[in-house]
Amino acid sequence: ARGGEILINDGFGMADIESGRANTSQTQFRIGSLTKQFTAAAILRLQELGKLKVTDPLNVYLPDYPGGDHITIHQLLTHSAGVPSYTRRQDLAQLVQTPITLPELLDQFSSQPLDFVPGQQFSYSDSGYVVLTAIVEAVSGMSYADFLRDQFFDTLGMTQTGYDFLHDTLVEPATGYQLTPGGPQQAVMTESSWASGAGALYSTAQDLYRWDRALTSNQLLQEASLKSMFSPWVEMGQGFSYGYGWEIGQLAGRPSQTHAGNIFGFGSFIARFPEDDATIIVLGNGLQMSPRTIAEDLANILFRAGAS
């Protein structure tokens with residue numbers, strides 16, 4: 001989309017190979033780590049409501065978290081807290097098929113030593129966003145899923161977006177696949193409770209575009225919140241910095257705000273080009289596909305001189 005006009009909104013390939021159901025523009029996909037921008041937005045909304053400050057130490061809201069007095073919310077948002085990521089576990093595929101509570105998920109990593117002194121460097125951590133999820137629930141008094149629905153999804157009419165992919169009533173859910181020498185095989189069925197606020201959400205390209213428009217128009221968050229969300233707080237390398245749930249840099253030679261998402265059987269990518277008022281959203285149900293490559297190719301076409 002560009003300038004508020006949708007240029008392409010379509011589906012390609014199969015949503016479900018076994019039934020022969022094709023992907024459409026309304027197919028619901030797991031979006032993996034695109035979830036992190038919603039978790040960051042929830043934290044910023046709570047700050048706007050005077051419920052917390054991103055400069056506060058973690059133990060103000062989770063007093064039992066080990067070493068929480070040395071970690072700030074800002075560091076969790078920017079992957080600079082040093083919290084070891086639980087998704088590095090080699091046996092994760094076996095674990096994620098059984099539901100887990102949020103306190104149990106925190107126990108997977110909270111007692112482990114930090115990877116580095118908080119604030120000293122960048123290291124992508126799904127665990128940090130699980131901790132942020134716990135903060136959202138502790139401060140709001142609501143479940144993470146209910147808070148997002150109440151504050152964002154219902155307001156924007158994001159009716160095809162939610163938290164529990166396996167158990168919600170979905171209109172057009174995609175099946176996740178991985179490629180094997182024998183052809184596509186259904187991927188591991190991940191319980192959303194394992195992904196939490198680090199990667200549990202599902203959505204459609206159309207709903208994510210509604211989210212993009214709300215960010216562009218300051219419809220949901222105040223200007224100060226958006227500025228902090230898209231600020232390049234911590235250098236990631238290769239010309240990118242991390243904001244709050246977004247990577248800030250350049251794509252296709254244009255200033256960009258991007259993020260990728262991967263979860264068993266699904267890949268996703270969103271790219272916003274603020275100076276061009278352009279957005280590209282790619283959602284897919286193949287584990288080895290590269291939504292980022294597709295998005296970058298589309299961006300190169302979109303910004304090519306004379307392209308129509």
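Here are some exercises on this structure, which is a predicted model, each with a solution worked step by step.

**Exercise 1. Work out whether the length of helix H5 fits the count of its residues.**

Step 1. H5 covers residues 126-140, which makes 15 residues.

Step 2. The expected span is 1.5 Å times one less than the number of residues. For H5 that gives 21 Å.

Step 3. Now look at the model: the end C-alpha atoms of H5 are 21 Å apart, so the two values agree.

Step 4. Take a peek at both ends while you're there. At the start of H5, a side-chain oxygen of Ser125 comes to within 3.3 Å of the backbone nitrogen of Ser127. Just past the helix, Gly141 has a positive phi of about 75 degrees.

**Exercise 2. Decide whether H5 is enclosed by the rest of the structure or open to the outside.**

Step 1. Buried means under 20% relative accessible area. With that cut-off, 12 of the 15 residues of H5 are buried.

Step 2. Put names to them: the buried set includes Asp126, Tyr129, Leu132, Ile135 and Val139.

Step 3. Find the cover. Helices H1 (35-48), H2 (73-77), H4 (102-107), H6 (144-156) and H7 are among the elements over the buried residues of H5, and so is strand S8 (240-242).

Step 4. Conclude: with 12 of 15 residues buried, H5 is largely enclosed by the rest of the structure.

**Exercise 3. Repeat the length and burial checks for helix H1.**

Step 1. H1 has 14 residues, and 20 Å is expected at 1.5 Å a residue. From the first C-alpha of H1 to its last you also get 20 Å.

Step 2. For burial, 12 of the 14 residues of H1 are buried, so this helix too is largely enclosed by the rest of the structure.

Step 3. Scan the names and you'll spot Lys36 and Arg45 among the buried residues of H1, along with Phe38, Ile43 and Leu44.

Step 4. Just after H1, Gly50 takes a positive phi of about 75 degrees.

**Exercise 4. Describe the surroundings of Thr78.**

Step 1. Place it first: Thr78 sits in the loop between H2 and helix H3 (92-95).

Step 2. Its relative accessible area is 0%, so Thr78 counts as buried.

Step 3. Follow its side chain. The side chain of Thr78 reaches the backbone oxygen of His74 at 2.9 Å, and it makes a polar contact of 2.8 Å with the side chain of Ser80.

Step 4. Leave out neighbours within four places in sequence, and Thr78 is in contact with Phe122, Trp233, Val234, Tyr242, Gly243 and Tyr244.

**Exercise 5. Do the same for Thr204.**

Step 1. Thr204 belongs to the loop between strand S6 (202-203) and H8.

Step 2. Thr204 has a relative accessible area of 0%, so it is buried.

Step 3. Skipping residues up to four places away in sequence, Thr204 touches Ser25, Gln26, Thr27, Gln28, Gln160 and Leu283.

Step 4. Look along the chain as well: Thr204 and Ala1 are 203 residues apart, while their C-alpha atoms are separated by 15 Å.

**Exercise 6. Find what lines the largest pocket.**

Step 1. The largest pocket has a volume of about 1,000 Å³. Of its 39 lining residues, Ile8, Phe12, Ile281, Val282 and Leu298 are the closest to the centre.

Step 2. Strand S4 (177-180), helix H8 (205-216), strand S12 (278-284) and helix H10 (291-302) each supply at least two lining residues. S12 gives the most, with 6 residues.

Step 3. Sort the lining by class: 23 nonpolar, 14 polar and 2 charged.

**Exercise 7. Describe the second largest pocket and the largest cavity.**

Step 1. The second largest pocket has a volume of about 250 Å³. Its lining has 16 residues, and Thr87, Leu92, Ala195, Asn262 and Ile263 lie nearest its centre.

Step 2. Helix H7 (192-199) and strand S10 (254-263) each give two or more residues to that lining, and H7 has the largest share, with 4 residues.

Step 3. By class, the lining of this pocket splits into 9 nonpolar, 6 polar and 1 charged.

Step 4. Turn to the cavity, which holds about 50 Å³ of space. Residues lining the largest cavity include Leu76, His79, Asp115, Phe116 and Gly128, and the classes come to 4 nonpolar, 6 polar and 1 charged.

Key: Residues are numbered from 1 along each chain as its sequence is written. This is a predicted model: local features need pLDDT of at least 70, side-chain atom pairs count only at pLDDT 80 or more; totals for chains, interfaces and linings use all residues. Side-chain values use heavy atoms; hydrogens and water are left out. On a 1 Å grid over the protein atoms alone, a cavity is a set of points where a 1.4 Å probe fits but cannot get out, and a pocket is an open set with protein on both sides within 12 Å along at least five of seven lines; lining residues have an atom within 4 Å of a point. Grid points are joined across faces, edges and corners, and a volume is the space filled by probe spheres set on the points. Ala, Val, Leu, Ile, Met, Phe, Trp, Tyr, Cys and Pro count as nonpolar, Asp, Glu, Lys and Arg as charged, and the others, Gly among them, as polar. Buried means under 20% relative accessible area, exposed over 50%, partly exposed in between (1.4 Å probe, protein chains only). Contact means heavy atoms within 4.5 Å. A polar contact is a pair of N or O atoms within 3.5 Å; within protein, one must be able to donate a hydrogen and the other to accept it, and residues adjacent in sequence count only if both atoms are side-chain atoms.
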